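Please take me through this structure one selection at a time. For each stop, tell me what to pick in the viewer and what can be found there.

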Amino acid sequence: MFINLKISRRILSLGGIFFLLLLGIIVEHKMVLSTSHVSKPVEQINTDQKVMALTINVDWGEEFIPAMLEALDNDHAKATFFVTGRWAKKNPELLKEIANRGHEIENHGYSHPHPDNLSVGANQEEIKKTESIIQGIIGRRTHFYAPPYGEKGAPGLRAADLLGYQTILWTLDTVDWREGSTPGIIAQRVINPAVRFGIKPEKNGAIVLMHPKLNTVKALPIILGQLTREGFTFQTLDALITFDQIGNTTSR
């Protein structure tokens with residue numbers, strides 16, 4: 001009798017634990033599925049003005065950032081650096097240098113995971129941890145979020161929304177991380193972007209994605225020089241978004 005009672009209590013305990021786990025999964029699932037009120041990522045600004053935003057996603061490559069800053073200064077261009085929390089934690093002085101030169105610093109999550117593979121809560125922790133680190137270094141909180149790998153599934157978008165963040169993707173991808181991306185090829189992907197999905201990308205109001213790579217450093221003066229001659233200016237995302245409403249994009 002005592003043994004049966006002990007077994008029954010164990011079964012009830014295990015059943016209770018299972019029920020709580022199941023309830024948590026159901027709640028999380030509902031949060032993920034409720035995307036009707038989730039903001040769409042910003043991929044381009046709809047404007048007839050010749051203005052662009054260069055966004056630089058940073059989780060490595062700090063050795064190339066000083067040269068990128070010099071190139072930006074030489075053409076009086078501003079950029080937005082999306083940095084991971086772990087990178088900011090290891091490179092506080094460089095983060096301060098970026099901010100002191102008038103560039104925008106925003107949130108790229110903490111550990112560069114795949115947001116689509118995380119829960120809403122785990123994505124929130126990635127963003128909040130990074131926000132805290134950046135604010136502790138430069139005294140300003142972040143409000144834009146660039147999801148690693150450009151993933152735009154419900155968990156990451158929902159997490160950003162709940163924290164009051166706007167998710168940012170891109171119009172023009174330099175694909176500078178890919179083997180064979182020479183400085184000339186990287187530059188042409190911005191200066192004269194190819195037709196994608198049957199659409200010729202619009203450069204006005206474009207958001208450009210790049211990374212701190214050697215060939216990107218070499219391509220940057222080409223991009224800035226040519227597009228400046230065409231009448232373009234390069235603004236931070238905060239400044240670009242003031243130009244008009246969100247437009248269409250060729251990214252997927």
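The tour below starts with the whole chain, then visits the core, several helices and a few single residues.

**Whole chain**

Begin with everything displayed, and keep in mind that this is a predicted model. The chain has 252 residues, and 47% of them are buried. It contains 9 helices and 8 strands. Now consider contacts between residues at least 6 apart in sequence: 79% of these join residues at least 24 apart.

**The largest nonpolar core**

Select Met-52, Leu-54, Phe-81, Val-83 and Leu-95. These residues touch the most other members of the largest nonpolar core, which has 41 residues. Add helix H8, residues 214-229, which gives 6 residues to this core, the most of any contributor. A separate core of 14 residues lies apart from the largest one; Phe-144, Leu-169, Trp-170 and Leu-240 are among its members.

Stay with Leu-54 for a moment. Which residues does Leu-54 touch, leaving out those up to four places away in sequence? They are Leu-72, Ala-79, Thr-80, Val-208, Met-210, Leu-220, Leu-224, Phe-234 and Gln-235.

**H8 and its two partners**

Two packed helices are described by the angle between their axes and the distance between the axes. Keep H8 on screen and add helix H2, residues 65-74. The axes of H2 and H8 are 9 Å apart, at an angle of about 5 degrees. Angles under 35 degrees count as roughly parallel, so H2 is roughly parallel to H8. On the H2 side, the contact is made by Ala-67, Met-68, Ala-71 and Leu-72. On the H8 side, Thr-216, Val-217, Leu-220, Pro-221 and Leu-224 make the contact.

Next, hide H2 and show helix H7, residues 183-191. Here the axes of H7 and H8 come within 8 Å and cross at roughly 40 degrees. H7 and H8 are therefore oblique to each other, and their crossing is right-handed. H7 makes this contact through Pro-183, Ile-186, Ala-187, Val-190 and Ile-191. H8 takes part with Asn-215, Thr-216, Lys-218, Ala-219, Ile-222, Ile-223, Gln-226 and Leu-227.

**Helix H5**

Select residues 120-138, which form helix H5. From its first C-alpha to its last, this helix of 19 residues reaches 27 Å, close to the 27 Å expected at 1.5 Å a residue. Colour its buried residues: Val-120, Asn-123, Gln-124, Glu-126, Ile-127, Thr-130, Glu-131, Ile-133, Ile-134, Ile-137 and Ile-138. An α-helix has 3.6 residues a turn, so residues three or four places apart point the same way. Gly-139 follows H5 and has a positive phi, near 80 degrees.

**Helix H6**

Move on to residues 154-162, helix H6. Why is H6 described as largely enclosed by the rest of the structure? The reason is that 7 of its 9 residues are buried. They are Ala-154, Pro-155, Gly-156, Leu-157, Arg-158, Ala-159 and Ala-160. Just after H6, select Gly-164, where phi is positive at about 80 degrees.

**Two residues with positive phi**

Select His-112, in the loop between strand S3 (104-107) and H5. His-112 is not a glycine, yet its phi is positive, about 55 degrees. Its relative accessible area is 19%; buried means under 20%, so His-112 counts as buried.

Then go to Phe-197, in the loop between H7 and strand S7 (207-210). Phe-197 is not a glycine either, and has a positive phi of about 55 degrees. With a relative accessibility of 41%, Phe-197 counts as partly exposed.

**Trp-170 and Thr-174**

Select Trp-170, in the loop between strand S5 (166-167) and strand S6 (172-173). Trp-170 is buried, with a relative accessible area of 14%. Add Met-210, which is 40 residues from Trp-170 along the chain; their C-alpha atoms are separated by 9.9 Å.

The last stop is Thr-174, in the loop between S6 and H7. Is Thr-174 buried or exposed? It is buried, with a relative accessible area of 0%. Leaving out residues up to four places away in sequence, Thr-174 touches Ser-181, Ile-186, Arg-189, Val-190, Val-208, Leu-209 and Met-210. Finally, show Pro-193: Thr-174 and Pro-193 are 19 residues apart in sequence, and 9.4 Å apart from C-alpha to C-alpha.

How values were computed: Residues numbered from 1 in each chain as written. Predicted model: local features only at pLDDT ≥ 70, side-chain atom pairs only at ≥ 80, totals over all residues. Heavy atoms only, no water. Core = buried A, V, L, I, M, F, W, Y, C linked by side-chain atoms within 4.5 Å. Buried < 20%, exposed > 50% of the residue type's maximum accessible area, 1.4 Å probe, protein only. Helix = DSSP H or I, 4+ residues; strand = E, 2+ residues; numbered from the N terminus. Contact = heavy atoms within 4.5 Å. Expected span 1.5 Å × (residues − 1). Axes fitted to C-alpha atoms, helices over the stretch in contact; angles between N-to-C directions. Parallel < 35°, antiparallel > 145°, perpendicular 65-115°, else oblique. Left-handed = near helix turned anticlockwise from the far one by under 90°.
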